[in-house]
Amino acid sequence: MCPTFTWLLLAAFCASAFGGMLGMASGIFIVPLLTMLFGIDIRVAIAASIVSVIACSCAGAASFLRARLTHIRLAIVLESATTLGAVTGVFLVGCVPVAWLYGLFAIILALSARQMATRRGTETPPGRIAGDAGPGWLRLHSTYRDPESGASVAYRVERVPLGLLLMYGAGLISALLGIGSGVLKIPAMDTALRLPIKVSSATSNFMIGVTAAASAGAYLARGDIDMSIAPPIVLGSVIGAYSGAQAVVKVSGDTLRVLFIVVLCILSACMLFSALGVQIPGGGA
């Protein structure tokens with residue numbers, strides 16, 4: 001393999017392992033890496049990252065499903081709102097000042113980090129169901145076996161209408177800013193729906209692949225997918241996402257929550273800089 005192929009594969013592996021562990025679209029890490037380290041055009045980098053997101057979702061799905069962490073029924077319900085929000089965002093592109101969007105996004109990320117920090121240590125105890133239920137007719141309440149403790153954890157899915165509203169907003173903002181919506185989906189599932197953090201990460205991983213698949217065809221039709229770049233990115237993403245999925249099954253919920261809070265704070269700062277017109281290399285992703 002040529003050095004370029006090797007370095008692209010390594011960059012994709014690192015980005016996807018971290019993104020896969022957090023249940024986020026790897027593109028939020030891959031695009032800055034491609035533009036900053038390799039000088040790749042932003043449009044080509046975004047197209048490659050879209051393909052890598054699909055690969056990440058597929059690679060991580062097996063581990064999450066085997067561990068029974070992915071809530072498929074809930075993912076389908078929430079994805080309907082996210083997709084509707086993304087379609088709305090496509091029509092609104094160009095109507096809203098980009099600086100306002102970056103500023104709003106920075107505020108949302110900061111508030112999400114604060115809320116997730118507040119929620120630390122309040123996971124549902126093993127074998128118990130806490131809180132008021134969401135609509136029972138949707139049959140969204142579920143259980144999962146925590147690989148770390150070996151205990152069976154039962155949980156309720158609360159405030160589904162609020163969750164749908166937040167998912168609509170996540171799809172809308174992600175379409176307007178051209179970013180993956182996993183960074184918004186997980187805080188929404190964690191704080192509004194009151195899901196355990198591992199279930200949030202696994203379900204988000206499943207959802208981002210569905211959303212990205214809808215966009216990949218458009219990028220392919222436009223000719224933005226560079227076949228000299230996409231293969232190592234996809235290969236590295238598959239290996240990285242699988243490794244990240246294996247890690248999230250084993251790490252504690254508190255560790256995962258702290259990692260996500262750190263990422264939210266960093267991304268919030270980057271978005272605030274963008275809102276203020278401060279140029280960050282690769283920050284346009």
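In this predicted model, Glu-79 and Lys-185 form a salt bridge in which the closest N and O atoms are 3.7 Å apart. Because Glu-79 lies in helix α4 and Lys-185 in helix α7, which covers residues 182–191, the pair ties together parts that are 106 residues apart in sequence. Both partners, Glu-79 and also Lys-185, are buried, and the structure holds one salt bridge, this one.

From this pair one can step back to the whole chain. The protein has ten helices and two strands, and along the sequence these follow the pattern α-α-α-α-α-β-β-α-α-α-α-α, with the two strands placed between the fifth and the sixth helix. Of its 285 residues, 51% count as buried, while the surface that the protein exposes comes to about 12700 Å², of which carbon and sulfur atoms supply 68%. Among the contacts between residues at least 6 apart in sequence, 81% join residues at least 24 apart.

The record adds another way of dividing the chain. An unreviewed UniProt entry lists residues 6–32, 44–65, 85–111, 162–184, 204–221, 233–252 and 258–278 under "transmembrane region". Over residues 258–278, one of the stretches in that entry, the chain of the model is 86% helix and 0% strand, and the C-alpha atoms at its ends are 27 Å apart.

The interior can be followed through its nonpolar cores. The largest of them has 39 residues, and those with the most contacts inside it are Leu-34, Ile-40, Phe-105, Leu-109, Val-183, Leu-184 and Ile-233. Helix α10, made of residues 253–275, gives the largest share of this core, namely seven residues. A second core, separate from that one, has 22 residues, including Phe-64, Leu-140, Ala-188 and Met-207. To see how one member of the largest core is surrounded, the reader may turn to Leu-184, which, when residues up to four places away in sequence are not counted, touches Phe-105, Ile-108, Leu-109, Ala-170 and Ile-173.

Helix α10 also has a part in the surface. Leu-272 is found in this helix and, at 44% relative accessibility, counts as partly exposed, because buried residues are those under 20% and exposed ones those over 50%. Together with Phe-273, Leu-276 and Val-278, Leu-272 makes a nonpolar surface patch of about 380 Å².

Helix α9 offers a contrasting position in Gly-240. At 0% relative accessibility, Gly-240 counts as buried, and its C-alpha atom is separated by 4.9 Å from that of Ser-16, although the two residues are 224 apart along the chain. Apart from residues up to four places away in sequence, Gly-240 touches Phe-13, Ser-16 and Ala-17.

Some loop residues are also covered. Thr-70, found in the loop between α3 (42–66) and α4 (72–92), is buried, with a relative accessible area of 13%. When its neighbours within four places in sequence are left aside, Thr-70 is in contact with Phe-64, Leu-65, Ala-202, Thr-203 and Phe-206; Phe-64, one of these partners, is also among the residues of the second core. Ile-225, in turn, has its place in the loop between α8 (197–222) and α9 (230–250), and it is likewise buried, with a relative accessible area of 16%. Its contacts, again without the neighbours within four places, are with Ala-47, Val-51, Ala-216, Tyr-219, Leu-220 and Ala-230. The C-alpha atom of Ile-225 is separated by 9.3 Å from that of Ile-50, a residue 175 places away along the chain.

Two other loop residues are of interest for their backbone angles. Arg-159, in the loop between β2 (152–155) and α6 (160–177), has a positive phi of about 45° although it is not a glycine, and at 37% relative accessibility Arg-159 counts as partly exposed. Arg-194, in the loop between α7 and α8, has a phi near 60°, which is again a positive value in a residue other than glycine. At 28% relative accessibility, Arg-194 also counts as partly exposed.

Conventions. Residues numbered from 1 in each chain as written. Predicted model: local features only at pLDDT ≥ 70, side-chain atom pairs only at ≥ 80, totals over all residues. Heavy atoms only, no water. Helix = DSSP H or I, 4+ residues; strand = E, 2+ residues; numbered from the N terminus. Buried < 20%, exposed > 50% of the residue type's maximum accessible area, 1.4 Å probe, protein only. Contact = heavy atoms within 4.5 Å. Core = buried A, V, L, I, M, F, W, Y, C linked by side-chain atoms within 4.5 Å. Patch = residues over 30% accessible without salt bridge, like charges linked within 9 Å, V, L, I, M, F, W, Y side chains within 5 Å. Areas by Shrake-Rupley, 256 points an atom, 1.4 Å probe, with all protein chains shown as cover. Salt bridge = Lys/Arg side-chain N within 4 Å of Asp/Glu carboxyl O. UniProt positions renumbered as here; feature names shortened; annotations may be inferred.
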